[in-house]
Amino acid sequence: MSIVKKIMYLIVGAIMMFSLIAVPTQVKANGISTFAYFDPAPVSFYGSCTSVSNHYDGDYMAVEVTATAEDGRSRELIVEVYVEYTNTIHRFRTYTDGVTRKADYIPIAGGSDAVITVTCSDSSVRVTMDTKMYSW
């Protein structure tokens, strides 16, 4: 094969590859994507604090909590996640030590509203808490 034919094949091949790359394609989803994500502003409270009801889609949800006490001491917090669809409460323990702890794989049966309540073992101290909640 002559050098001219090789160059022609290379040029035609490059044009074909460029046209495949440059042509926009339409992507169609085959359903609604799941995954809720809530990252509310940090809150401060005495005693206990309850979130608004949020809807989580998917099969599971998780809650991440980072908390500190006003006096700097570590105190126990009990986090309760009420899953409306299954009428269940899932509890986990965290502390006011500034460490982020996560409760995950909380079953939500394909989607549910959920409410989170956090209670401090010492209601006389002000707790500041940052939470993130999400589902998959």
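The following paragraphs go through a predicted model of a single chain, from its overall make-up to a pocket and then to some individual residues.

The chain has one helix and 10 strands. Read from the N terminus, the order is α-β-β-β-β-β-β-β-β-β-β, with the helix ahead of the strands. Of the 136 residues, 28% count as buried. The accessible surface of the chain amounts to about 8900 Å², and carbon and sulfur atoms hold 59% of that area. Contacts reach across the sequence: among those between residues at least 6 apart, 78% join residues at least 24 apart.

The largest pocket holds about 210 Å³ of space. Its lining is made up of 15 residues, and those nearest the centre are Pro-40, Val-43, Cys-49, Ser-51 and Thr-131. By type, the lining residues comprise 10 nonpolar, four polar and one charged. Three strands, β3 (48-50), β9 and β10 (126-135), each contribute at least two residues to this lining. The largest share comes from β10, with four residues.

Strand β9 covers residues 111-120 and includes Thr-117. The side chain of Thr-117 makes a polar contact of 3.2 Å with the side chain of Thr-50. Beyond its neighbours within four places in sequence, Thr-117 is in contact with Cys-49 and Thr-50, and also with Ile-78, Val-79 and Glu-80. Cys-49 has already appeared among the residues nearest the centre of the largest pocket.

Ser-112 is also placed in strand β9. Is Ser-112 buried or exposed? Ser-112 counts as buried because its relative accessibility is 3%, under the cut-off of 20%. The side chain of Ser-112 has polar contacts with two backbone nitrogens: that of Glu-84 at 3.3 Å and that of Tyr-85 at 2.8 Å. Glu-84 and Tyr-85 are also among the residues that Ser-112 touches, leaving out those up to four places away in sequence; the others are Asn-54, His-55, Tyr-56 and Val-83.

After β9 the chain passes through a loop to β10, and Val-125 is placed in this loop. Val-125 has a relative accessible area of 5% and is therefore buried. What surrounds Val-125, apart from its neighbours within four places in sequence? It is in contact with Phe-45, Tyr-46, Ala-69, Glu-70, Asp-71, Arg-75 and Cys-120. For one of these, Ala-69, the separation is 56 residues in sequence, while the C-alpha atoms of Val-125 and Ala-69 are 6.7 Å apart in space.

Two further residues can be taken together for their backbone angles. Asn-87 is not a glycine, yet it has a positive phi of about 50°. Asn-87 sits in the loop between β6 (76-83) and β7 (88-95). With a relative accessible area of 57%, Asn-87 is exposed, because the cut-off for that class is over 50%. Tyr-105, likewise a residue other than glycine, has a positive phi near 60°. Where in the chain is Tyr-105 placed? Tyr-105 belongs to strand β8, which covers residues 101-107. Tyr-105 is exposed, since its relative accessible area is 52%.

Technical notes:
Residues numbered from 1 in each chain as written. Predicted model: local features only at pLDDT ≥ 70, side-chain atom pairs only at ≥ 80, totals over all residues. Heavy atoms only, no water. Polar contact = N/O pair within 3.5 Å; in protein donor to acceptor, adjacent residues only side chain to side chain. Contact = heavy atoms within 4.5 Å. 1 Å grid on protein atoms, 1.4 Å probe; cavity = no way out; pocket = protein on both sides within 12 Å on 5 of 7 lines; lining within 4 Å. Points joined across faces, edges and corners; volume = space filled by probe spheres on them. Nonpolar A, V, L, I, M, F, W, Y, C, P; charged D, E, K, R; others polar. Buried < 20%, exposed > 50% of the residue type's maximum accessible area, 1.4 Å probe, protein only. Areas by Shrake-Rupley, 256 points an atom, 1.4 Å probe, with all protein chains shown as cover.
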